[in-house]
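Dear colleague,

Please find below the structure that I am handing over to you, together with its sequence. My notes on what was found follow after it.

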Amino acid sequence: AEAALAAALAAREAREARLRLTLEASRMGTWEYTPATGALAWSETVGPLVGMPRGWQPADEAQFLALVHEDDRDRLRATSFGALGHDGVVSAEYRVVLPDGSVRHLQSRGAAQPVHGEPRLVGVVTDVTERVQLEAQLRQAQKMEAVGQLAGGVAHDFNNLLTIIGGNLGFVRADLPPDHPAQSDLSEIAHA
């Protein structure tokens, strides 16, 4: 019986180690929130996502929200902490401000899961900073492409106008005798 218990414990530790490695590699963590007590607990992989040491646990919802960018707190509170009446999955993307002042973008997804009749929200948090930065770079590239297309269109239209002006200038010069006083002015216009 003792050997079976030891084997079961070893298997459990191996599963937990694999889960921890998977969460770290994917820059994810798990969390649970109990509104009756305000208790918020998360896996040890979440601490580094919010700029805290591995295994760091917030004392409560307020301590966690203090890490969230002030512009995102109300929205996060409304979509995540206020979501216990929903049957489906809730999702919120928000920024956290790390102790060094840098900003990281996180996405939390959770669902209501009552325990012994007490409401609770459980979910995962993912670091989506890289995706957000790539999306911003893509938007900037698209803006630059649009500006380039606009400039190309303006240049094309301007070239068309110059072609019309040059053609008509040629007709006027051909209609006037070579010694006409306007020929020098028309020559300057053609040169320009």
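**Thr 163 and helix H5**

Thr 163 lies in helix H5, which covers residues 129-175. Please bear in mind throughout that the model is a predicted one. Thr 163 has a relative accessible area of 52%, and because the cut-off for exposed is over 50%, the residue counts as exposed. Its C-alpha atom is 59 Å from that of Leu 98, and the two residues are 65 apart along the chain.

Helix H5 also holds Ala 151. With a relative accessibility of 46%, Ala 151 is classed as partly exposed. Between the C-alpha atoms of Ala 151 and Arg 15 there is a separation of 59 Å, with these positions 136 residues apart in the numbering along the chain.

**Overall form**

How many helices and strands does the protein have? There are six helices and five strands. Following the sequence, their order is α-β-β-α-α-α-β-β-β-α-α.

The radius of gyration of the protein is 33 Å, whereas a compact globule of 192 residues would have a value near 16 Å. The C-alpha trace spans about 120 × 40 × 35 Å along the principal axes.

Of the 192 residues, 26% are buried. The accessible surface amounts to about 12500 Å², and carbon and sulfur atoms account for 58% of that area. As for contacts between residues at least 6 apart in sequence, 37% of them link residues at least 24 apart.

**Helix H1 and the largest pocket**

Helix H1 comprises residues 2-25, and Ala 7 is found in this helix. Ala 7 is partly exposed, at a relative accessible area of 47%. The C-alpha atom of Ala 7 is separated by 66 Å from that of Gly 148, a residue 141 positions away along the chain.

Which element gives the largest share of the lining of the largest pocket? That element is helix H1, which supplies four residues. The full lining consists of Glu 16, Leu 19, Arg 20, Leu 23, Thr 30, Ser 43, Glu 44 and Thr 45. Sorted by class, the lining has three charged, three polar and two nonpolar residues. The volume of this pocket is about 160 Å³.

**Two buried residues**

Is His 69 buried or exposed? His 69 has a relative accessibility of 18%, and because buried means under 20%, the residue counts as buried. His 69 is located in the loop between helix H3 (61-65) and helix H4 (73-81). Leaving aside residues up to four places away in sequence, His 69 touches Arg 95, Val 96 and Val 97.

Gln 183 belongs to helix H6, residues 182-191. Its relative accessibility is 11%, so Gln 183 also falls under the 20% cut-off and counts as buried. When residues up to four places away in sequence are not counted, Gln 183 is in contact with Arg 173, Leu 176, Pro 177 and Pro 178.

**Points to look at in the viewer**

- Thr 163, exposed, in helix H5
- Ala 7, partly exposed, in helix H1
- His 69, buried, with Arg 95 among the residues it touches
- Gln 183, buried, with Pro 178 among the residues it touches
- The largest pocket, with Glu 16 and Thr 45 among its lining residues

With kind regards

Key. Residues numbered from 1 in each chain as written. Predicted model: local features only at pLDDT ≥ 70, side-chain atom pairs only at ≥ 80, totals over all residues. Heavy atoms only, no water. 1 Å grid on protein atoms, 1.4 Å probe; cavity = no way out; pocket = protein on both sides within 12 Å on 5 of 7 lines; lining within 4 Å. Points joined across faces, edges and corners; volume = space filled by probe spheres on them. Nonpolar A, V, L, I, M, F, W, Y, C, P; charged D, E, K, R; others polar. Rg over C-alpha atoms; globule rule 2.2 N^0.38 Å. Buried < 20%, exposed > 50% of the residue type's maximum accessible area, 1.4 Å probe, protein only. Contact = heavy atoms within 4.5 Å. Areas by Shrake-Rupley, 256 points an atom, 1.4 Å probe, with all protein chains shown as cover.
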